[in-house]
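Visitor: I have a model to look through with you. Can we start with the surface?

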Number of protein chains: 2
Amino acid sequence: MAKKITSKDEDFSQWYQDIIREGKLADHSPVRGCMVIRPNGYALWENMQDALDQMFKDTGHENAYFPLFIPKSFLSKEAQHVEGFAKECAVVTHSRLQSSDDGVEVDPDSKLEEELIVRPTSETIIWDSYRNWIQSYRDLPILINQWANVVRWEMRTRLFLRTMEFLWQEGHTAHATKEEAVDETKQMLEVYRTFAEEYMAMPVVTGVKTESERFAGAVDTYCIETLLQDNKALQAGTSHFLGQNFAKAFDVKFQSSEGQHEYVWATSWGVSTRLIGGLIMTHSDDQGLVLPPKLAPNQVFIVPIWKSDEQKEQVLDYCHEIMDELKELNVRIKLDHRENMSPGWKFNEHEAAGIPLRLTIGPRDLENNNVELARRDTGNKEIVDREGIAQKVANLLETIQDKLFETAQQRIQDNTHSVDSYDEFKEVIENEGGFVYAHWDGTAETEEKIKDETKATIRCIPLEDGEEGECMVTGKPSEQKVLFARAY
Amino acid sequence: MAKKITSKDEDFSQWYQDIIREGKLADHSPVRGCMVIRPNGYALWENMQDALDQMFKDTGHENAYFPLFIPKSFLSKEAQHVEGFAKECAVVTHSRLQSSDDGVEVDPDSKLEEELIVRPTSETIIWDSYRNWIQSYRDLPILINQWANVVRWEMRTRLFLRTMEFLWQEGHTAHATKEEAVDETKQMLEVYRTFAEEYMAMPVVTGVKTESERFAGAVDTYCIETLLQDNKALQAGTSHFLGQNFAKAFDVKFQSSEGQHEYVWATSWGVSTRLIGGLIMTHSDDQGLVLPPKLAPNQVFIVPIWKSDEQKEQVLDYCHEIMDELKELNVRIKLDHRENMSPGWKFNEHEAAGIPLRLTIGPRDLENNNVELARRDTGNKEIVDREGIAQKVANLLETIQDKLFETAQQRIQDNTHSVDSYDEFKEVIENEGGFVYAHWDGTAETEEKIKDETKATIRCIPLEDGEEGECMVTGKPSEQKVLFARAY
C-alpha cells in the first residue's frame with residue numbers, strides 16, 4: 001500500500017499534484033479550471049475561515065452577502081477596473097434551455113437584455129449598494145466582509161493556486177476620511193500577516209505593489225508574499241486602498257459633520273483558497289501533506305492494535321480514556337478503529353492527510369502504561385507515560401506549530417539574497433531562485449525589462465525602510481531595495 | 001422617529017417587505033430577482049448555518065465544495081431532472097468582454113464550445129465526481145453536504161422566499177442499499193423538523209410530496225411544511241430519496257461485498273435562505289421582526305441612560321458588570337452606548353431588529369439596585385433586582401423561545417381544518433385559508449382539478465397514518481386524508 005508521491009526534488013509540480021491527490025484535498029472537475037474541494041480540503045478551509053472570521057469580527061467587521069451576478073454596465077464604470085477584468089469574465093447571456101436532437105440547447109428566445117458577469121470580485125455591485133446606505137457621516141464607517149465564490153476565466157490553472165472558480169473572502173469598507181481608510185488597509189494587511197504566520201506557520205514579507213502589479217482600480221495594493229519550497233514566490237493576500245475611485249464611479253457621497261458633501265473613501269481586501277496551495281508548498285514533504293496543528297482538521301489520530309477480542313475491548317477502553325482527556329484540552333482527535341485495514345495502511349493514509357500526531361496503542365502499552373507517539377513533521381517516535389499524556393500532547397502540538405514556522409523561516413532566510421549588480425541578480429535568479437532584494441529606479445520600463453529578461457517580478461516594495469542606492473539596471477537613484485522573485 | 005411598518009392585517013405582503021427593510025435584513029439588488037443580504041440578515045443566516053452544520057456533523061456528514069458551473073450536457077443525463085430545471089437556467093456562453101462605444105460588449109470570439117449552467121442544484125456535477133470516488137462497498141456510504149449559492153431563473157421573486165440566487169445547503173449521499181438510503185432521507189427530514197421547531201420555533205408538518213410536486217429526478221420527496229400568519233403554507237425543507245436514478249444517469253456502480261456490481265443508491269436534501277422568510281412570517285408583528293432567542297444574533301441589548309458625565313460613568317460601569325455576568329452564561333449581548341441617538345430611537349431600532357430582550361438602565365436603577373427588563377415578544381416590562389439578573393435573563397430567553405413555539409403552534413392548530421366534502425373544502429380554502437385535511441383519490445387529474453379550481457395544492461401526504469375514506473371530488477377510495485393549502 002505504498003503511496004505514490006513523486007519526490008519534490010525530482011518534479012516539484014508533480015509532487016504538488018500527488019500531495020493533493022493522496023491527501024484527498026481536491027480533484028480536477030470536468031469543467032476546465034474548476035476544482036472539487038474534497039472533505040479533507042474543505043475541513044482545512046473551514047478552519048482557516050473560522051480563524052479569519054474571528055479576526056475580522058474582532059476588528060469590528062460584519063458579514064453580508066451580495067449578488068453573484070454583476071450587470072455588464074457596472075464593470076465599465078471604473079475604467080481601470082474593467083480593463084483589469086474584461087478578459088476573464090464568465091458572461092451569462094441566456095436564461096433557458098430547450099430540448100433538441102442531442103439533449104438540450106440554449107433557447108435563443110431567452111436572451112437577456114443586459115448580459116450578466118459572474119463576479120470576479122465585488123467592488124462594483126457592493127458600491128452600488130453603498131450608495132443607498134450612505135447619506136451622512138453617521139452612516140460611516142461601513143465595515144463589511146463577504147465569504148463567497150468568484151470566477152476569473154484563467155487559461156492556465158493549477159489546483160488551489162489558480163482556479164477559474166475559487167472561494168474567498170472579500171472585505172469592502174467605506175470611510176469618511178482618507179486617513180481612516182489607509183489605516184484600515186494596513187490593519188487588514190496586519191491581520192493577514194498574523195494569520196499567515198501564527199496559524200499557517202507561513203512566514204511572509206509585507207509590502208506595497210508597484211503600479212503595474214496593483215489591483216485594477218486601487219490607489220495602493222498592500223500584500224503579503226511568501227517563498228515556497230521550490231523557491232518561487234506566492235502572493236498570499238492583498239489589501240487595497242481604493243481612494244475615492246469607486247465612490248466616484250458609483251457616485252457615493254456623504255454629508256460630513258460640517259455639512260459638506262464629499263466622496264467616500266474605500267478599501268477592499270481578500271484571501272482565497274489559494275492559501276491552501278501556499279500551505280501545502282510551505283510544509284509538505286515526500287510522505288505527503290504536513291499541516292500546522294492550529295489548522296489541521298484532526299490534530300491527533302489514534303491507531304489501536306489488538307489480536308484478540310479480549311484485547312480489543314481493553315485497548316479500545318484505554319483509547320477512549322485518553323481521547324476523553326485530550327478532548328478536555330480541546331484537542332481535535334480521531335480514533336481509527338476500522339477493522340478491515342492494517343495499522344500500516346492507516347499510518348500511510350493519515351500521514352498523507354497531514355495529521356500532526358499519531359498515537360499507537362497496543363496490548364503491550366496497556367501492560368506498561370505507555371503510549372507510542374509519532375510526529376508527522378519530524379517522523380520522531382517516542383514511548384511516553386500514560387500519565388499526563390493529554391498535557392504532553394497539547395504541549396507537543398504547540399511545539400510542532402512553532403517548529404514548522406521556524407523551519408519555514410530558516411528556509412526562507414537561507415533563500416533570500418541581496419544583490420548589487422544586474423549580473424549578480426540574473427545569476428541568483430537563474431541558479432538559485434528565492435527572494436532577491438535589489439535596487440530599482442521606480443519606473444515601469446525597468447520593471448518590464450527585468451521581467452522580460454529574467455521572468456522575475458517585483459513582489460513588493462517592503463514596508464520597512466531600506467537604504468538608498470542606485471538601480472541595478474539603469475544606475476538611476478533608488479530609495480530602497482525592492483523584493484524580486486519568480487512567482488506563481 | 002416612527003417606524004414605517006404597514007399593519008399585517010391591512011396588507012400582509014407590504015408588511016413583510018416593511019419588516020425586512022426596517023430590520024435591515026435585505027435589499028433588492030439591481031440584478032432582477034437577486035438580493036443583497038445585509039449584516040442583520042446574514043448574522044441570522046450564520047446562526048442558522050451553525051446550528052444545522054452541527055446537526056449534520058453529529059449525524060456523520062462532512063462538508064465539501066463542488067463547481068458552480070455544470071456543463072450543459074450533464075443536465076440532460078437524467079430525463080426528469082433536465083425537464084424540471086431547463087426553463088430556469090442561467091447560461092454562461094462567453095468568457096470575455098471588449099471595449100465598445102458604450103462601454104463594453106461581449107467579445108464574440110470568446111464563445112464557449114459547450115455552454116455552462118450556473119448550478120440550480122448540484123446532483124449532476126456531484127454524481128459525476130462520485131463515479132470516480134466509488135468502486136467498492138468499502139467506499140460507501142458517502143455522506144457529504146455543501147454550503148453554496150444556487151441560481152434558478154424565477155420570474156416572480158420575493159425577498160428570501162423566492163429569489164433568483166439563493167444560499168442553501170445541499171446534502172448528497174451515496175449508499176450501498178435502498179434501505180440505508182431511505183433511512184438517510186428520513187433521518188435528514190427529522191433533522192429539519194428538529195431544527196425548524198427547536199431553533200426557529202416554527203412548527204411543521206412532515207410528509208411526502210405527491211408525484212407532481214416531487215423534486216425532478218427523485219423517487220420520493222419528503223418535506224416539512226409550515227403555515228404562516230397569512231394562512232398560506234410554506235415548504236420549508238425537502239429530503240429526497242433519489243433511488244438509483246442519478247447512479248444510472250452517471251453510471252456509478254460499486255462492487256458489493258459479495259462481488260456483484262450494483263448501482264449506488266442516493267439521497268439529497270436541502271434548506272435555504274427561504275427559511276428566513278418563513279421565520280419572519282411565523283413570528284413577526286406590526287412593530288417589526290421577532291426572533292427566537294436561539295437564533296437571534298443579539299439576544300439582549302442594553303440601553304444606558306444618563307444626564308451628567310458622572311452618571312454616565314456610573315451607569316456604564318453598572319452595565320458592564322451586568323454584561324460580564326451575562327456573557328458568562330453565553331448570552332449574546334450588545335450595549336448600545338451611542339451618544340447621538342435618543343433611547344426611544346434605540347428602542348425602535350432594536351425592536352425592528354427583533355432582539356428578544358431589552359435592559360434599560362438609568363441612575364434610578366443604580367440607586368435601587370434594579371434593572372428594567374422588556375420583552376420583545378409580549379411587550380411586557382418589569383423592574384427586576386440587579387441580584388441574579390444574569391440567570392433571570394437566561395431563563396427568560398428560554399421562556400421566550402418556548403412561548404414563541406407555543407404561540408405559533410396554537411395559531412396553526414386554530415387554522416387547521418378537516419373537511420369531508422368538496423363544497424366545505426372550497427369554502428374553507430376561500431374564506432379562512434390555513435391547512436385543510438381532506439380525502440383525495442391519489443390521481444394527478446384530481447389534484448390538478450382541485451388546484452385549478454381553488455389554487456390549493458397538496459402540501460404533503462402526512463407521515464402519520466390516517467383513516468380511510470372517499471375522495472371529496474370523485475368519491476373514489478382514499479387511504480388517508482392529505483394536507484391541502486394555498487402556498488408560497
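Guide: Accessible areas here come from the Shrake-Rupley method with a 1.4 Å probe; for residues, only the protein chains shown count as cover. This is a predicted model, in which local features need pLDDT of at least 70, side-chain atom pairs count only at pLDDT 80 or more, and totals for chains, interfaces and linings use all residues. Residues are numbered from 1 along each chain as its sequence is written.

Visitor: What area does chain A expose, then?
Guide: About 20300 Å², with carbon and sulfur atoms supplying 42% of it.

Visitor: How much of chain A is buried?
Guide: Of its 488 residues, 59% count as buried, meaning under 20% relative accessible area (exposed is over 50%, partly exposed in between; 1.4 Å probe, protein chains only).

Visitor: And the secondary structure of chain A? How many helices and strands?
Guide: There are 14 helices and 27 strands. Both are DSSP runs numbered from the N terminus: helices are H or I with at least four residues, strands E with at least two.

Visitor: Switching to chain B. Where is B:T273?
Guide: B:T273 sits in the loop between strand 16 (265-272) and helix 8 (274-283) of chain B.

Visitor: Buried or exposed?
Guide: B:T273 is buried, because its relative accessible area is 0%.

Visitor: What is B:T273 in contact with?
Guide: Leaving aside neighbours within four places in sequence, B:T273 is in contact (heavy atoms within 4.5 Å) with B:M35, B:I37, B:W45, B:F160, B:F166 and B:L167.

Visitor: Back to chain A. Which residues does the UniProt domain annotation cover?
Guide: The unreviewed entry places "Aminoacyl-transfer RNA synthetases class-II family profile" on residues 32-292 of chain A. Over residues 32-292 the chain is 30% helix and 33% strand.

Notes:
Chains lettered and ligands numbered in written order. Heavy atoms only, no water. UniProt positions renumbered as here; feature names shortened; annotations may be inferred.
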